[in-house]
Amino acid sequence: MSSTPIEDSLRLKLTSALSPTTLEIHNDSASHAHHKAMANSQSQETHFRLVITSSAFESKMQPARHRMVYALLKEELERAGGIHALQLKTRTPEEEERALAREKAERGVDAGVEVERG
């Protein structure tokens with residue numbers, strides 16, 4: 001049996017339904033274990049941060065994308081001892097390309113390298 005059954009379930013469901021080009025699953029549960037709401041929780045998988053890039057998000061606004069993910073993970077969100085908090089960053093491949101280009105340009109400027117602008 002896996003020591004991360006919820007994370008494994010997230011990966012399986014998101015991969016099969018969305019065919020993401022990027023899927024990052026960050027288990028931030030340890031950072032929140034001291035919160036009052038977690039006092040009686042035995043789970044080590046309660047807080048997740050997901051970064052998902054998928055063409056399934058094309059032509060959908062952020063709220064619709066988030067509803068898609070919530071629907072896929074309904075069982076994990078409703079299960080006792082399941083996900084307590086879920087942070088989402090959802091992008092299309094085109095949006096990710098633009099973000100990466102912007103980050104690269106910013107790093108170039110920060111590093112003292114002149115960036116050519118057209």
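**A three-stranded mixed sheet and its helices**

Strands β2 and β3 run parallel and are joined by 7 bridges. The model described here is predicted. In this pair, I52 is set opposite T90 of β3. On the β1 side, β2 (residues 47-53) is linked to β1 through 6 bridges, and these two strands run antiparallel. L23 has I52 of β2 as its bridge partner, while E24 faces V51 of β2. I52 thus appears in both pairings, opposite T90 in β3 and as the bridge partner of L23. Strands of a sheet pair through backbone hydrogen bonds, in either a parallel or an antiparallel manner.

Together, the 3 strands make an open sheet of mixed pairing, ordered β1-β2-β3. Its edges are β1 (22-27) and β3 (85-91), each of which pairs on one side only. From one strand to the next, the twist averages 10 degrees. Burial of β2 is extensive: 6 of its 7 residues are buried, so the strand is largely enclosed by the rest of the structure. In a regular strand, side chains alternate between the two faces of the sheet.

The protein chain as a whole contains 4 helices and 3 strands. Read from the N terminus, the order of elements is α-β-β-α-α-β-α. Of the 118 residues in the chain, 31% are buried. The accessible surface amounts to about 7,900 Å², and carbon and sulfur atoms contribute 52% of that surface. Among contacts with a separation of 6 or more, 65% join residues 24 or more positions apart.

Helix α1 (residues 5-18) comprises 14 residues. Its span from first to last C-alpha is 20 Å, close to the 20 Å expected at 1.5 Å a residue. The buried residues of α1 are I6, E7, S9, L10, L14 and L18. Viewed down the helix axis, these buried residues fall within an arc of 160 degrees, so they line one face of α1. An α-helix has 3.6 residues a turn, so residues three or four places apart point the same way. L12 and S16 are exposed, and they sit on the face of α1 turned away from its buried side. The packing partners of the buried residues of α1 are β1, β2, α2 and α3 (74-78). These partners thus include both strands and helices. After α1 comes S19, which has a positive phi near 40 degrees.

Helix α2 (residues 62-72) lies across β2 and β3. Relative to β3, α2 runs at about 125 degrees. Helix α2 is also one of the elements against which the buried residues of α1 pack.

Helix α4 spans residues 93-110 and includes E96. The relative accessibility of E96 is 13%, which is under the 20% cut-off, and E96 therefore counts as buried. Leaving aside residues up to four places away in sequence, E96 touches T21, T22, T53 and R91. Of these contacts, T22 falls within the range of β1 (22-27) and R91 within that of β3 (85-91). T53 belongs to β2 (residues 47-53). E96 of α4 thus touches residues from each of the strands β1, β2 and β3.

Definitions and conventions: Residues are numbered from 1 along each chain as its sequence is written. This is a predicted model: local features need pLDDT of at least 70, side-chain atom pairs count only at pLDDT 80 or more; totals for chains, interfaces and linings use all residues. Side-chain values use heavy atoms; hydrogens and water are left out. Buried means under 20% relative accessible area, exposed over 50%, partly exposed in between (1.4 Å probe, protein chains only). Contact means heavy atoms within 4.5 Å. Accessible areas come from the Shrake-Rupley method with a 1.4 Å probe; for residues, only the protein chains shown count as cover. Two strands pair if DSSP finds at least two bridges between them. Axes are lines fitted to C-alpha atoms, for helices over the stretch in contact, and angles run from 0 to 180 degrees between N-to-C directions. The expected span of a helix is 1.5 Å times one less than its number of residues. The arc is that of the directions from the helix axis to the C-beta atoms.
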